[in-house]
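Me: Could you pick one part of this protein and take me through it slowly? I would like to see what it sits beside and how it fits into the whole.

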Amino acid sequence: MCKKALELNEKLGGSADFKASTGWLKKFKPHHGIQELQIEGESLFGDKNSANKFKENILQSVEEKGYSRDDVYNIGETEVNWKALPRKSMASKRKYTAPGFKVSKERVTAMVCANTSGTHSLPLLAIGKSKKPRCFKNVS
């Protein structure tokens, strides 16, 4: 919006010392009835009690069996949605919702794995999406 404001200022022959800063934008939005709406999303809350109990159980099990931090590995999975659209939009104060859209499933999944002491890590595993996966080669 700031970039567009600068363009419009120039086209309309506005003041040469006009600066469309973030402060200007913060004042402009409420003055003109523009608000930021969440387009789509969900919030997830983990069960902290269960997580703490699991942590205690795993630490106890590791100690009982005599494992070291070099023997315990952690794997994390993450996705990069490279065609995802923004989840927020500017709208008039008269609007309470924004039209949603189907979220793109175009993504790359990555898995990272390392031991707890940080002395050994496995190579990054990246999983893409194929039009014709090999596992379904002879399946109709």
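Reply: Happy to! Let's begin with one residue: Ala110 stands opposite Ala126, which belongs to strand 5. Keep in mind as you look that this is a predicted model. On another strand, Thr78 has Ala110 as its bridge partner in strand 4. Ala110 therefore makes a good doorway into strand 4, which covers residues 107–115, and that strand is the part we will follow.

Before going further, here is the wider setting. The chain contains three helices and five strands. Reading from the N terminus, you meet the elements in the order α-α-β-α-β-β-β-β. Three of the strands form an open sheet with antiparallel pairing, in the order 2-4-5. In that order, strand 4 has strand 2 on one side and strand 5 on the other. The edges belong to strand 2 (73–81) and strand 5 (125–127): each has a single partner strand, so one side of each lacks a neighbour in the sheet. From one strand to the next, the twist averages 20°.

Now compare the two sides of strand 4. Towards strand 2, the two strands run antiparallel and are joined by nine bridges. Besides the link from Thr78 to Ala110, you can find Glu79, whose bridge partner in strand 4 is Thr109. Notice the direction here: stepping from Thr78 to Glu79 takes the partner from Ala110 back to Thr109, as you would look for in an antiparallel pair. Towards strand 5, the pairing with strand 4 is again antiparallel, over three bridges.

Two more residues of strand 4 are worth a visit. One is Val108, which lies in this strand. The C-alpha atoms of Val108 and Ile127 are 5.8 Å apart, although 19 residues separate the two along the chain. How exposed is Val108? Its relative accessible area is 34%, so Val108 is partly exposed.

The other is Cys113, also placed in strand 4. Cys113 and Ile75 are 38 residues apart along the chain, yet their C-alpha atoms are separated by 4.4 Å. Buried or exposed: which word fits Cys113? Its relative accessible area is 8%, and because buried means under 20%, Cys113 counts as buried. Cys2 is buried too, with a relative accessible area of 18%. Across the chain of 140 residues, 11% count as buried.

Seeing cysteines, you may wonder about disulfides. A disulfide is a covalent bond between the sulfur atoms of two cysteines. How many disulfides does a search of the whole structure find? The count is zero.

Finally, follow strand 2, the neighbour of strand 4, to the largest pocket, whose volume is about 200 Å³. Its lining is made up of Ile58, Leu59, Val62, Ser68, Arg69, Val72, Tyr73, Asn74 and Thr116. Strand 2 and helix 3 (48–65) each supply at least two of these lining residues. Helix 3 gives the most, with three residues. Sorted by class, the lining has five nonpolar, three polar and one charged residues.

So the picture to keep is of strand 4 placed between strand 2 and strand 5 in the open sheet, with Cys113 buried and Val108 partly exposed.

Definitions and conventions. Residues are numbered from 1 along each chain as its sequence is written. This is a predicted model: local features need pLDDT of at least 70, side-chain atom pairs count only at pLDDT 80 or more; totals for chains, interfaces and linings use all residues. Side-chain values use heavy atoms; hydrogens and water are left out. Two strands pair if DSSP finds at least two bridges between them. Helices (H or I, at least four residues) and strands (E, at least two) are DSSP runs, numbered from the N terminus. Axes are lines fitted to C-alpha atoms, for helices over the stretch in contact, and angles run from 0 to 180 degrees between N-to-C directions. On a 1 Å grid over the protein atoms alone, a cavity is a set of points where a 1.4 Å probe fits but cannot get out, and a pocket is an open set with protein on both sides within 12 Å along at least five of seven lines; lining residues have an atom within 4 Å of a point. Grid points are joined across faces, edges and corners, and a volume is the space filled by probe spheres set on the points. Ala, Val, Leu, Ile, Met, Phe, Trp, Tyr, Cys and Pro count as nonpolar, Asp, Glu, Lys and Arg as charged, and the others, Gly among them, as polar. A disulfide is a pair of cysteine sulfur atoms within 2.5 Å. Buried means under 20% relative accessible area, exposed over 50%, partly exposed in between (1.4 Å probe, protein chains only).
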